[in-house]
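Here's a quick tour of a protein–DNA model. Have a look at the sequence and the fold first, then read on.

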2 protein chains.
Amino acid sequence: METAIGVLDAEGLEAVTMRRVAQELGTGPASLYAHVADKQELRELMLDRVAAEIRLPAKPDPARWREQLKEVAMEIRRVYTSHRDIAKVSMGLIPTGPNLLAIAEAQLGLMLAGGVPPKVAGLAVDTLGMYIDADAIEDTFYTATLTGDVDPWEHFQKYVDEIREYLKALPADRYPHIVSLVDDLTDQGGAERFEFGLDVLLRGIASYIEDGGRK
Amino acid sequence: METAIGVLDAEGLEAVTMRRVAQELGTGPASLYAHVADKQELRELMLDRVAAEIRLPAKPDPARWREQLKEVAMEIRRVYTSHRDIAKVSMGLIPTGPNLLAIAEAQLGLMLAGGVPPKVAGLAVDTLGMYIDADAIEDTFYTATLTGDVDPWEHFQKYVDEIREYLKALPADRYPHIVSLVDDLTDQGGAERFEFGLDVLLRGIASYIEDGGRK
DNA sequence: ACCTGAACACCGTTCAAGT
DNA sequence: ACCTGAACACCGTTCAAGT
């Protein structure tokens, strides 16, 4: 696992192949199959090991549940983005590893402490997770498959600038709103954008407290 | 493009390789490079062609902007999930194709008509897109890489049931909330779950109308 | 129980050569 | 401008054989 995460951090998830990890360990690819069933299992084990770095609040404070939930989300994002595109493994996965389970448990605890209806809390864990994963993936998308000799950030900026120019040059009669909002639309991957979406989600979740139901 | 989408629909995005598409066309893989720069460009062209199936409201009705925005989101999800895991291509991509641009334009128009502040609308398009993509990907995640001889739905159900049993057997003292909310947590991929998250997002977006600002 | 070499059936992309 | 064959440098997984 350490070797696999080393390759992940250095070159991204795509570089973590069975053959590459085996090579790094000085052996052949077939040897790994004595320890994991397949590549998917290796990836899930990597994810849960990375998730161990995520720090959770010691105990829920009912008065601050929203702030605490927001902090947890930002902490998950911080850890995920510090390990390249590991969030891709999380996307669509029902958590089973001990560390991922502890995170879900903490999120549920915070929402229940805040008075969010249990059913809403259950669904919201999933929605929140999807949002965090999606944002973490976006954040590292264009830098993930690059080789070490190009500065990833520079490459990413160049890509976004190109798109920005392209969108600005669009016919304003056909895409008036896009043209006038180009800068907001291409403000990808920033922490500000993540916080905005998080606030939207938390406002939405909180709105279920008063009326307590679905509609 | 037709051939590529044919392979996508039949066997999922992973099966859409340069070699496979070329083979389907009765030629060699190198021939494709006369028409697309690389595999990523092929994927983006596939996505925009699929996006042409998405039907948008004829014109925004300011009184019904939330319902209309919700309808658009559900329509995108419907079309994406009808083409296997094509949503994976959309994830993290800034739209540039004409059809994807038309969708973003329509979404912006609806929110602006509803009185959502422009900056919020700009960021919300991105947040909404991430949510739709993430849900569509979840919906097809475990069925995507299966070969034709196994019923994908049956396989998916078996997988979810296994996880459900595993979660139910967890120590209740360590994961009390997870154990008691197993059914809500494992209600993956349904249209109900999607609608819930969508409502959360729309409630959150609407909450910016009154106070008009960020905080 | 763990490891290995060799093989099978694949990949994306390049490039010189053709029409 | 478009297409091709052949090659390069890779993949995940299996399997018989070893320790």
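## Around DNA strand C

Let's start at the backbone of the DNA: a polar side-chain atom of Ser31(A) sits 2.8 Å from a phosphate oxygen of DNA strand C. That's a polar contact, meaning a pair of N or O atoms within 3.5 Å. Lys39(B) also goes for a phosphate oxygen of DNA strand C, but with a backbone N or O atom, at 3.1 Å. Arg19(B) reads a different part of the strand: an N or O atom in its side chain is 2.6 Å from a base nitrogen.

Zooming out, 14 residues surround DNA strand C, and the closest are Thr27(A), Ala30(A), His35(A), Arg19(B) and Tyr33(B). Sugar and phosphate make up 56% of the atoms of DNA strand C that come within 4 Å of the protein. That 4 Å between heavy atoms is also what makes a residue near a strand. The surface near DNA strand C splits into six nonpolar, four polar and four charged residues. Here Ala, Val, Leu, Ile, Met, Phe, Trp, Tyr, Cys and Pro count as nonpolar, Asp, Glu, Lys and Arg as charged, and the others, Gly among them, as polar.

A word on the ground rules: this is a predicted model, where local features need pLDDT of at least 70 and side-chain atom pairs pLDDT 80 or more, while totals for chains, interfaces and linings use all residues. Residues are numbered from 1 along each chain as its sequence is written, chains are lettered from A and ligands numbered from 1 in the order written, and side-chain values use heavy atoms, with hydrogens and water left out.

## Around DNA strand D

DNA strand D is surrounded by 14 residues, with Arg19(A), Tyr33(A), Thr27(B), Ala30(B) and His35(B) the closest. A polar side-chain atom of Arg19(A) lies 2.6 Å from a base nitrogen of this strand. Phosphate oxygens of DNA strand D pair up too: one is 2.7 Å from a side-chain N or O atom of Tyr33(A), and a backbone N or O atom of Met18(A) lies 3.0 Å from a phosphate oxygen.

## Away from the DNA: Thr127(B)

Thr127(B) lies in helix H7 of chain B, residues 118–140 (helices are DSSP runs of H or I, at least four residues, numbered from the N terminus). Is Thr127(B) buried or exposed? It's buried, at 2% relative accessible area; the cut-off is under 20%, using a 1.4 Å probe and protein chains only. Thr127(B) touches Tyr131(A), Phe196(A), Gly197(A) and Leu201(B), leaving out residues up to four places away in sequence, where contact means heavy atoms within 4.5 Å.

Definitions and conventions. Helices (H or I, at least four residues) and strands (E, at least two) are DSSP runs, numbered from the N terminus. Buried means under 20% relative accessible area, exposed over 50%, partly exposed in between (1.4 Å probe, protein chains only). A polar contact is a pair of N or O atoms within 3.5 Å; within protein, one must be able to donate a hydrogen and the other to accept it, and residues adjacent in sequence count only if both atoms are side-chain atoms.
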